[in-house]
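Welcome! Have the sequence and the 3D view ready, and let us walk through the fold together.

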Amino acid sequence: YFDRDSSNVLNDAEFRAALDSLGHSFADDEFGALYDQLSCGSEYITFEVYIRFMVELTEDQTTPEQLLQSFRVIAADKEYVTEDDLRLSDLSAPSIAYLLRAMPHSALADNGFDYLAYLRGVFQR
């Protein structure tokens, strides 16, 4: 969604828009330092680096809304997540294996998993 030119990388404006939309605002100097670190001095941040950063940013958050937001990021705003999405998110192999067993299959895609139903079940307990 934020990758406006479909290049599978984020420039600084796209990265800032993504962070802002998720409620993670940074002062200009903080953002510049973060962008330089994640981009390793290049003109862009790769999708893999972005996902890894978002997972780290949201890793310790356990409210239903925060977990939902994490799944939305991993699923690239789809209403389902795929095994490939999970693997690109840099989750650990045991975490991916657990999620693939625990999440119901999605009716929206043959290879999709319904993270919304999974989260409803987790937080209704």
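What follows is a short tour of a predicted model, taking in its core, two of its helices, its salt bridges and a few backbone angles.

**The nonpolar core**

A good place to begin is the inside. In soluble globular proteins, nonpolar side chains tend to be buried together. Here, the largest nonpolar core has 30 residues. Which of them have the most contacts inside it? They are Phe15, Tyr50, Val81, Met103 and Tyr115. Helix 1, helix 2, helix 3 (47–58), helix 4, helix 6 (93–102) and helix 7 (115–124) each supply at least two residues of this core. Helix 3 gives the largest share, with five residues.

Try picking out Met103 in the viewer. Leaving aside residues up to four places away in sequence, Met103 touches Phe71, Val81, Leu86, Phe113, Tyr115 and Tyr118. Val81 and Tyr115 also appear among the core residues with the most contacts.

**Helix 2, seen from the end**

Next, turn to helix 2, which covers residues 28–39. With 12 residues at 1.5 Å a residue, helix 2 should span 16 Å, and its end C-alpha atoms are indeed 16 Å apart, so the expected and computed spans agree.

Which residues of helix 2 are buried? Phe31, Leu34, Tyr35, Leu38 and Ser39 are. Looking down the axis of helix 2, you would find these buried residues within an arc of 115°, so they line one face of the helix. The face turned away from that buried side carries the exposed residues Asp29 and Gln37.

**Helix 4**

Helix 4 runs over residues 64–74 and has its own buried residues: Leu68, Ser70, Phe71, Val73 and Ile74. One of these, Phe71, is a contact of Met103. Pro64 also lies in helix 4, and Pro64 is partly exposed, with a relative accessible area of 43%. For a sense of distance, Pro64 and Ala18 are 46 residues apart in sequence and 20 Å apart in space, C-alpha to C-alpha.

**Three salt bridges**

How many salt bridges does the structure hold? There are three, and the table sets them side by side with the distance between nitrogen and oxygen.

| Salt bridge | N to O distance |
|---|---|
| Arg16 and Asp28 | 3.2 Å |
| Asp85 and Lys78 | 2.7 Å |
| Arg87 and Glu83 | 2.6 Å |

Take the pair Arg16 and Asp28, joined by a salt bridge. Arg16 belongs to helix 1 (residues 12–21) and Asp28 to helix 2, so this pair ties together parts that are 12 residues apart in sequence. Arg16 is partly exposed at 23% relative accessibility, whereas Asp28 is exposed at 60%.

In the pair of Asp85 and Lys78, is Asp85 buried or exposed? Asp85 has a relative accessibility of 13% and counts as buried, because the cut-off for buried is under 20%. Its partner Lys78 is partly exposed, with a relative accessible area of 24%.

The pair of Arg87 and Glu83 sits within helix 5 (residues 83–88), where the two are four residues apart and thus separated by about one helical turn. Arg87 is partly exposed at 46% relative accessibility, and Glu83 is partly exposed at 33%.

**Backbone angles to look for**

Finally, a look at phi, one of the backbone angles. Most residues other than glycine have a negative phi. Which positive values can you find here? Cys40 is one example: its phi is about 55°, although it is not a glycine. Cys40 comes just after helix 2, in the loop between helix 2 and strand 2 (45–46). With a relative accessible area of 71%, Cys40 is exposed.

There are further examples around the end of helix 4. Just after that helix, Ala76 takes a positive phi of about 55°. Asp77 has a positive phi too, near 70°, and is a residue other than glycine. You will find Asp77 in the loop between helix 4 and strand 3 (81–82), where Asp77 is partly exposed, with a relative accessible area of 49%.

Notes: Residues numbered from 1 in each chain as written. Predicted model: local features only at pLDDT ≥ 70, side-chain atom pairs only at ≥ 80, totals over all residues. Heavy atoms only, no water. Salt bridge = Lys/Arg side-chain N within 4 Å of Asp/Glu carboxyl O. Buried < 20%, exposed > 50% of the residue type's maximum accessible area, 1.4 Å probe, protein only. Expected span 1.5 Å × (residues − 1). Arc of directions from axis to C-beta. Core = buried A, V, L, I, M, F, W, Y, C linked by side-chain atoms within 4.5 Å. Contact = heavy atoms within 4.5 Å.
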